[in-house]
Amino acid sequence: MTNRLYCSRLPAAVMLAALVLLAIDDVAAQDDSRPLVEGGITDKPFITGASRVGIGGYTEAHWRWEQVDGFTDELGFEMKRFNLFAYSPVSERVRVAGELEFEEGGEEIKVEAALVDFEISPALTFRGGIILSPLGRFNLAHDSPANDLTDRPLVSTQIIGVALSEAGMGFYGAFYPTEEARVTYEVYGVNGFHDGVIGGDGKGVRIPAGRGNWEDNNTRPSWTGRVAVSPRPTWEIGASLHTGPYNVYDVEGLEVDDKRNVTIVALDGDWSWRNFELLGEYATATVDVPASNPLLIENQAGFYAQTNAHFGRGWFPGLPNSVFSGIVRYGIVDFDADADGDDLRRWTLGINFRPEEDTVFKLDWQRSIERDSFESKVKFGALLFSVATYF
């Protein structure tokens with residue numbers, strides 16, 4: 001009864017919020033050219049606003065040499081990704097955007113995003129479709145040409161599950177407390193994860209194994225959202241949440257299991273000064289697991305911290321927009337935050353060259369240490385070279 005009453009009041013609450021935001025639109029919103037998320041789904045080089053439909057994308061190729069405890073485990077080339085974007089300003093207030101991803105030479109094809117935006121005001125825009133969940137900034141802006149290292153951060157891939165795409169609907173918008181400061185938000189109801197969270201990977205609880213819940217397995221929504229504060233355009237701090245049930249616990253009114261939630265909280269930051277950038281992300285996850293299986297771990301956590309230094313801008317006369325970057329990243333994921341062991345740590349050093357802003361050649365060196373639940377160590381080393389470009 002309580003759930004039904006809550007659901008019946010939700011549309012009225014949303015409509016009331018929309019009216020309030022419309023009433024304060026002139027005060028809360030300013031004309032700002034900054035995208036909601038730099039490098040996000042509606043901030044791509046091909047989007048110019050001059051045509052009815054824009055088509056673009058990016059491509060990425062790798063060479064990788066990886067050793068495990070001194071023995072070569074992987075050596076070869078890989079056509080990692082070929083992604084296609086589409087964007088259309090249907091009208092002054094309606095926009096459509098999508099992304100189709102081809103991975104591993106076409107072995108995996110998926111719709112990463114397919115969304116419709118209806119702008120009520122700059123402070124309130126409706127979004128529905130297949131969305132990139134606003135769980136950390138990296139999930140919203142993870143394109144290879146925009147990032148300075150070849151591999152994505154461990155916390156992003158192993159806990160958040162980048163790229164995390166979900167079917168859902170909700171709202172986003174921006175407010176401007178001062179001429180320079182900005183506050184943005186996104187909040188959506190989504191299908192959430194399925195029970196692959198605890199049964200989809202032989203290593204135990206692995207949240208990314210529960211992605212792809214396109215037809216909600218438990219007919220109950222999950223909720224996800226992010227609030228980001230940017231006192232100045234050069235830096236931003238964000239906080240995110242994703243929570244909801246992942247298991248089937250009710251079948252036609254009959255309770256067949258306890259309701260089990262997975263909850264992820266993330267913090268992210270991005271700061272730039274002259275030729276330097278500092279960025280990072282932290283995430284902690286709690287998974288309700290069956291008490292009958294003591295091998296399933298409830299709590300996980302991870303973070304990465306990265307610094308970029310840009311130099312050599314315009315060293316080549318024929319490439320006036322070229323620039324070099326040096327990068328250092330440290331990352332860790334702990335799959336059992338309540339005990340020692342069962343974690344993965346990685347240092348990455350990289351240098352890259354951009355002949356143009358949208359094209360990058362990357363050379364990275366990685367050193368990783370993985371520990372199991374008995375604290376036995378396995379050491380990894382890798383040398384990577386990749387090229388990625390928007391088109």
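Okay, one term before we start: when I say buried, I mean a residue with under 20% relative accessible area. With that in hand, and remembering that this is a predicted model, 46% of the 391 residues in the chain count as buried.

So what are we looking at overall? The chain has 5 helices and 18 strands. Its radius of gyration is 22 Å, and the globule rule gives 21 Å for 391 residues, so the chain is as compact as a globular protein of that length. If you'd rather think in box dimensions, the C-alpha trace spans about 65 × 55 × 40 Å along its principal axes.

Contacts next. Take those with a sequence separation of 6 or more: 58% of them are between residues 24 or more positions apart. As for the surface, the chain exposes about 19,500 Å², with carbon and sulfur atoms supplying 60% of that.

Now the charges, which is where I spent my time. There are 34 positive and 58 negative side chains, and the centres of those two sets lie 3 Å apart. The structure holds 21 salt bridges, and I want to walk you through a few.

Start with Lys 44 and Asp 143, whose side chains meet at 2.4 Å, N to O. Lys 44 lies in the loop between helix H2 and strand E1, while Asp 143 lies in the loop between helices H3 and H4, so this pair ties together parts that are 99 residues apart in sequence. Buried or exposed, these two, Lys 44 and Asp 143? Both are buried.

Stay with that H3–H4 loop for a second, since Asp 148 lies there too. Asp 148 forms a salt bridge with Arg 354, at 3.3 Å from N to O. Arg 354 is in strand E16, residues 343–356, so here the parts being tied together are 206 residues apart in sequence. Again, Arg 354 and Asp 148 are each buried.

Last pair: Glu 60 and Arg 81, with their closest N and O atoms 2.8 Å apart. That one goes from strand E1 to strand E2, and the two residues are 21 positions apart. Glu 60 is buried, and Arg 81 is too.

And which residues share a salt-bridge network with Glu 60 and Arg 81? Glu 101, Glu 103 and Lys 110 are linked in with them. If you've got the structure open, go and have a look at that network.

That's it from me.

How values were computed
Residues numbered from 1 in each chain as written. Predicted model: local features only at pLDDT ≥ 70, side-chain atom pairs only at ≥ 80, totals over all residues. Heavy atoms only, no water. Helix = DSSP H or I, 4+ residues; strand = E, 2+ residues; numbered from the N terminus. Rg over C-alpha atoms; globule rule 2.2 N^0.38 Å. Buried < 20%, exposed > 50% of the residue type's maximum accessible area, 1.4 Å probe, protein only. Contact = heavy atoms within 4.5 Å. Areas by Shrake-Rupley, 256 points an atom, 1.4 Å probe, with all protein chains shown as cover. Lys, Arg positive; Asp, Glu negative; His and termini not counted. Charge placed at Lys NZ, Arg CZ, Asp CG, Glu CD. Salt bridge = Lys/Arg side-chain N within 4 Å of Asp/Glu carboxyl O.
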